[in-house]
Structure formats: C-alpha cells, structure tokens
Amino acid sequence: MTDQAALLSSPLARGPGAPPRQRQLIQRLKQAILAGQLPAGGKLPASRVLADELDISRNTVLIAYEQLTAEGYVIADRQGTRVAPLSAAAASAARQAVRQAAAQAAGQSGAADAPALRTATRLSRIVSTRAPNDGSLPLTPGTPALTQFPINAWRRAQDRALQAAPAATLGYGPPVGEPALREAIAQYLRVSRGVHCDASRIVITEGAQGALALCVQLLTNPGDTAWLEEPGYRGAKSAFHAGDLNVVAIRVDADGVAITDEDWRTRPPRLIQTTPTHQYPTGAVLSLARRLDLLERARRAGAWIIEDDYDSEFRHQGEPIAAMQGLLPDAPVLYVGTFSKTMFPALRLGFLVLPQSIAGPAMPSITEMLRGGHRLEQLTMAAFIDNGQFSRHLGRMRRLYRDRQAALRDALARHLGIDHEVLGGHSGLHLTVRLPPDVPDRAIVEQARRLGMNPNALSTFAINPQPQDNGLVIGYGNTSADRFPALVRQLGKLAATLRT
C-alpha cells in the first residue's frame, strides 16, 4: 500500500475524547498537502469513495472538501477535487512548518530552524524599569483613593447619559471626543487652571499616555531631539522612544527642570516634556523665572512644550499654581491632562489642548488618525462635571489627601530610622524620599513588594541615574493614614538590613 493510500484509508480516531471526525479529516488533509504527501494537481478520491474507505458519512467528507476549497488547499471543478498548486517558496515554507511542528511534538525545540525574531529597532530602546505588581497595594504612587469614589453618583450620571441617547452611545462617536465633554473641560480649565482654550482646541485621548503619543505624531519626525526631565515620567520616555526620537535627559533641581544655555546651543529640541506644577517624581515646582525663560527660548527655537498637568488639582498648601500654558498668549505649549488621578485610572480618559496656531491645521489630520470611542464614559464624565459632582469629589479628595500626606510625613520622621530627605512639596498623591547612596532603593522595593507594599525606586525614573536619584517614591493616595506608622517602620527595617 502506498503512503498516499495509507493516508486516505487509515481510520479516524473514535470514542470518548476523540475530536469530531470532520475536524480530524480536515487536519489530516491539510497536513498531507503541506507536507507534499498529496502533491499539487493530485486528485482526491470522490467523496463517496473516501467515505466508504474511512467508514464515515459522505456529508462529513463533503463538508471537509468544502472547507479545504474555501481555504485554498484544493480546487473543485467538473473534473473533481484536486490539490491546489503552491509556489516553490510557499511549498518550502509549508514543509518547514510541518517539520517544526513534528519536532516540537517530539519534545524538540526546533529553534535551529526558526527564523530570527525581527521587530522595530525602537523596541530595543523601550526598556521596562518596573516590575509587574498589584497597583492596589499600599504605598503605590499615582493611585487615588478608589474606595472613596462616589460610585453611586457616577452610576446615576451614567444612567442619565445612556437614557438620553441609548443608541448613539454604542457608535464610534466624534474622533476628537464628545462635544459635551470637550466643552465641560474647556470651561473647567479656564476657571480652575487659567488655561487659554475653547472646546475646538481640545482632543479627548486614551489617558495622558494617548495625549503624549499624539503630540509625538503631530509635531516630530524620526530622529528629532526631545528633552525629558531627569528623573522623569517613564510614560513620556516610552512615547518619545516609540516615535524614534533622540531623547535627551535634562536634570531637575529644587526649582524644576534646569535647562542651560549649552543645552539650547548644542542639542536644540523639537519637543520638551515637563511637569511644571508638580514635577514627577521629585515634586519640584518650576519657578516663574524658568517658566518664562522656557516659553521664550522655545518660541525662538521653534520648539514645542508638552505641559503634563497630571495632578495639579491636589495642592494641599496655599492657592493652586496656575498652568504655564496661560502665562503668554498662544504660548508654544500643548497642555495634557488626565482624569486617572482625579477620578479613577480605569476610566482611561485624558485630553490634549492644542495651541491656537496649530489647532485648525492639525484637526483634519487628527480626525483621520483617531477613532471615536468610550462615548458612554465621555458623556457620563461631562454630566459629572456639569452637575457639580466633579467639584464636590475634588474637594473631598483634597482634604483626604492633605491629611494622608501629613500622616505620611509624620510617620517618616518618626519611624523610618535612617537619614533621609523628603521631597515633593505639598501637592499630589506621593512623596519622594531621598536615601543615602549606601541604601539601595531597588533592593528595598523588591523586598517591600514581597511584604505587600508597593513603593517605587526613584532611580528607575532616571535614564542615567545619579547618586542623588537613590530613594523611594511613596504613594499615599490609596493608603489610609492609620497604616503609615507600621508600613514606614517596615521600610526602615528593610533599609537597615540592606544597607551596604
């Protein structure tokens, strides 16, 4: 009996646990065609004949032949069912795939024959500096007090939004965002942040990260230079590297990002990312002198500034610091905001305020680049702002975070037990603690996570870490004040144990 005859006459598996016979037949014929056991142009047995050979119904064979025809393995015409021809390259690739599958089934890796993995070169620059962890753990930076969110008020606003337009909310929606939310954001920013804008200049994005990626797409070409705060926001670094930009780290001091004349002269930027109101993660506030100088120098250099205003709503001492974007008319600033800190991270709503000079020319391209979505969430957020719930929620959270920050400061002073310097001012959802160089921050964080805590290592926020970048970024947004003494005491013990 020939191999082909044996192939077509060997009985199919039966009994409990056996796959359906139709599926078995299809897979058997596919593998035989790919392996060359059934050569191109060869005629398959008539359906009735094959059904008799395999002791199965003719319908099973007919359905298998129809599936193989639909997928291009065979050709059915008046002369019968024949194996479709494959190009030499396709046939070689098919045989290679069959051999690798057989090798893997036999317990071999088949790696020697596997093609080399080729990805975009930019991926080699996007290196993760964070370990997978549970963001609900205490001391997680950037996580708000989710247990305090007014979920019932949010649900009521969502129900009203859904009742008002039940069918419309299921569609794509405007690419740049729902008009109601854009208008609500514009009004809020004008009053609370001093931002010069109207709804026509606002684009709703997939969180702040989506806004950063959009800035890169709109304003840069591969190889352009982008300045990033050092230490700084890791998401901005990833967005810049994903755009094939030449990323230059600019050090931060107590007055914010410290740009020198040499920086402007020797490596002029196309894009500058900054967090002027509450630098992330050190907490420094960019001084007025530096703000004005940055705006003027950027204008002269033809550079654009991304102002990431990620948690400015939570200032716990004095009046809120106005946005840099509103200091000058038509400043070269793209203002980025997010609801991840003020509301909840899973909402995934951010926004970008474009400068007047580019809003009009860029909008047609933006509408082609983006697809509208999250309509129900956007309409709910608009209603949440309009009915005053957002302002009331912010007021409650300011008081809560102010108390929690004070409790964390007190716990650090009383229980950390080693020399340290607290950075971060009186804003936001985290404090940064600078540690002596002989206390390894990454080792502390690794051990802390095993104990159920989730501070971040300050050094992981720097592209080129320096001794002053050794420390802990400690979140207090998601941790009740009464837990800080015990948690800080544990961190102090870890630091003492790991000290070199």
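**Aromatic pairs and unusual backbone geometry**

A count of 13 aromatic pairs was obtained in this structure, which is a predicted model. One of the pairs is formed by Tyr233 and Tyr280, whose rings meet edge-to-face, with 6.3 Å from centre to centre and 80 degrees between the planes. This pair links distant parts of the chain: Tyr233 is placed in the loop between E4 and H9, Tyr280 in the loop between E7 and H11, and the two residues are 47 residues apart. Tyr233 has a relative accessibility of 24% and therefore counts as partly exposed. Tyr280, at 13% relative accessibility, counts as buried, because buried means under 20%.

A further edge-to-face pair consists of Phe339 and Phe390, with a centre-to-centre distance of 5.8 Å and an angle of 80 degrees between the planes. Phe339 belongs to the loop between E9 and E10, whereas Phe390 is part of helix H14 (residues 389-415), so the pair ties together parts that are 51 residues apart in sequence. Phe339 and Phe390 are both buried.

Ring pairs also join Phe149, Trp154, Phe344 and Phe384 into a cluster. Another contact with a ring involves a charge: the charged end of Arg234 sits over the ring of Phe461, at 4.0 Å from the ring centre.

Cis peptide bonds were found at two prolines, Pro231 and Pro281. The bond from Glu230 to Pro231 has omega near -5 degrees. Pro231 itself lies in the loop that runs between strand E4 (225-230) and helix H9 (234-242), and Tyr233 is likewise in the loop between E4 and H9. The bond from Tyr280 to Pro281 is cis with omega near 15 degrees. Pro281 is located in the loop between strand E7 (271-274) and helix H11 (288-301). Tyr280 thus takes part both in this cis bond and in the aromatic pair with Tyr233.

Positive phi values occur in Asp55 and Arg348. Asp55 is not a glycine, yet its phi is about 55 degrees. The residue lies in the loop between helix H3 (47-54) and helix H4 (58-70). With a relative accessibility of 57%, Asp55 counts as exposed, since exposed means over 50%. For Arg348, also a residue other than glycine, phi is near 50 degrees. Arg348 is found in the loop between strand E9 (333-338) and strand E10 (350-353), and Phe339 is also in the loop between E9 and E10. At 29% relative accessibility, Arg348 counts as partly exposed, whereas Phe339 is buried.

Conventions: Residues numbered from 1 in each chain as written. Predicted model: local features only at pLDDT ≥ 70, side-chain atom pairs only at ≥ 80, totals over all residues. Heavy atoms only, no water. Helix = DSSP H or I, 4+ residues; strand = E, 2+ residues; numbered from the N terminus. Buried < 20%, exposed > 50% of the residue type's maximum accessible area, 1.4 Å probe, protein only. Phe/Tyr/Trp six-rings, centres within 6.5 Å; stacked < 30°, edge-to-face > 60°. Lys NZ or Arg CZ within 6 Å of the ring centre and 35° of its normal.
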